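Subject: Structure for you to look at

Hello,

I am passing on the structure we talked about. Please open it before you read the notes below.

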Amino acid sequence: MQKGKNNSRRDFLKKLSLGIGGSAVALSACNSPDFDDFLQKNFKTLSKEDIDEIILNLEKKYSEKYGKKFSVSAEPAIDNTLFGYALDLSRCIGCRRCVYACVDENNQSRDPQIHWITVLQMDKEKGIDYMHSDIHYNPELVPEEGHFYVPVACQQCANPPCVKVCPATATWQEPDGIVVVDYNWCIGCRYCMAACPYGARHFNWSEPIVPDEEMNPISHYLGNRPRPKGVVEKCTFCIQRVREGKYPSCVEICPTGSRKFGNMLDPESEIRYILENKRVLVLKAELNTQPNFYYFFGV
Amino acid sequence: MFIMKDFNSTAQKIIFFNCLIILNLFIGCNNNTSIENDLQNPVISHLEDKQNVEIAVSRPPFSDEYIFPCSECHADMEVNIEPRILEMHEEIVESYNHDSENRWCLACHDANTRDSLRLASGKLLDFKKSYKLCGQCHGDKLRDWKVGVHGKRSGDWNGKKQYLLCVHCHDPHSPHFKKLKPDPPPVKEEDIDSIE
């Protein structure tokens, strides 16, 4: 009896050491980029050399996968820049051009469908009233009589509740105010989605589907590069565009010119003019999220 | 003599219609030129001196129904400044809705120099600078437009920008912004298939 017990312990230890040895062999034999991905450090702590290597690998991987030349930028924030956005509620007609321009630019999954921008149709008599807003309105023509429209995406809060709750430090605010996600570090717990009062974060419940020919190959590591299943994504003010000096694609597409974007630290920018001369409001101001996204009445 | 005159007028008519067709083609082609091409010909000078920002405006849009220069037809016509409902320019007459009680063609178009607009002061104005004419009444909009708050700006947030003129978005004869067909609404929750 005693002997048997000793034997089983010995057996156990033997098996354990074999197991460890075996998996070590397996690990050392495995040099696939996916495995490198798994061991990759948080983007914020990576050295310049690490980033260059990761970018190179990603560009190679995506170029092969999607059959076109893919660029992945890791362009850092521009000095003395704090991005601000203003949307003219008196001009938005709710045409949803911005929603789909955003999907195209930022490679959101077509199926299951992910939209970073949601347009709320509101009743003029009720004012801004989320409970009675409608996101599925679909008349022949917009705007509809008696209604106004409030497009909502990430508000790039200066005091972002989503960042606070992330247990993996996979999401943070960049120096230019953009809240970004490191898709390699996101563990998919979706705490940030629960914390965000604007419904601005979206989860990849399955492998995102974007047709190869529609894939935008000009990407940023912290923005529109292809996402894996099981991570959270969000609006980044088109980080791949704005860090190159361009307007976000929603600003470019808006047929009414309701969308205004710029550097709030530049006194000559249109965003500063709006903040200084127009009546602006932020959504859910009482939550003290301090959005860098403002709404205003241009008329 | 009589026959000769008749022949002349027929010939004139033929030449005139040929001109119309050529002009139409010309205008049609120009409509297709991209905004980028127009960026090379900035037309707003007074805004350019502000910092290093270069602001360009593409040419005003003319639909197929419009014929420019207007003098092609109007040069030979007698000027009648009496406000009335025209038999020509049917489309404009029908849609005209811009304080139509008090205004008509010659509130903005110059009676004698048809290829120009006319400010309230009597000063002639090139079509490319029509925003100044609009700004006579809509001064607050002009002020906002100049700083990039009213109207659409595209290009670089910290560099070259492309402006659109008032008339790119607002038909000057019926300026209310035209309604659009909305893009499709997001999928409803109950219509989403369960994920395998």
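The notes below take each chain in turn, then the contact between them, then one helix.

Please keep in mind that this is a predicted model.

Chain A

Chain A has 299 residues, and 40% of them count as buried. Its secondary structure consists of nine helices and twelve strands. Measured out along the principal axes, a box of roughly 90 × 45 × 35 Å holds the C-alpha atoms of chain A. If you take the contacts in chain A between residues at least 6 apart in sequence, 66% of them join residues at least 24 apart.

Chain B

Chain B has 196 residues, of which 12% count as buried. It contains seven helices and five strands. Following the sequence of chain B, you should meet them in the pattern α-α-β-α-α-β-β-α-α-β-β-α. For chain B, 48% of the contacts between residues at least 6 apart in sequence join residues at least 24 apart.

Where the chains touch

How many residues does each chain give to the contact? Chain A gives 39 residues and chain B gives 26 residues. On the side of chain A that touches chain B, the elements that supply two or more residues are helix 4 (97-106), strand 10 (259-263) and helix 9 (270-277) of chain A. Strand 10 of chain A provides the largest share of that side, with four residues. Sorted by class, the side of chain A that touches chain B is made up of 18 nonpolar, 13 polar and eight charged residues.

Helix 4 of chain A

Helix 4 of chain A is one of the elements named above, and I looked at its surroundings as well. Is this helix mostly covered or mostly uncovered? Helix 4 of chain A is mostly covered, with seven of its ten residues buried. Those buried residues are C98(A), V99(A), A101(A), C102(A), V103(A), E105(A) and N106(A). Which elements cover them? Among what covers the buried residues of helix 4 are strand 3 (118-123), strand 4 (147-152), helix 8 (249-253) and strand 10 of chain A. Strand 10 of chain A therefore turns up twice if you read these notes with definitions of contact in mind: it helps to cover helix 4, and it gives residues to the side of chain A that touches chain B. After helix 4 of chain A comes N107(A), which has a positive phi, near 55°.

Regards

Methods
Residues are numbered from 1 along each chain as its sequence is written. Chains are lettered from A and ligands numbered from 1 in the order in which they are written. This is a predicted model: local features need pLDDT of at least 70, side-chain atom pairs count only at pLDDT 80 or more; totals for chains, interfaces and linings use all residues. Two residues are in contact if their C-beta atoms, placed from the backbone, lie within 7 Å. Ala, Val, Leu, Ile, Met, Phe, Trp, Tyr, Cys and Pro count as nonpolar, Asp, Glu, Lys and Arg as charged, and the others, Gly among them, as polar. A residue is buried if 20 or more other C-beta atoms lie within 10 Å of its own, exposed if 12 or fewer, and partly exposed in between; C-beta atoms are placed from the backbone.
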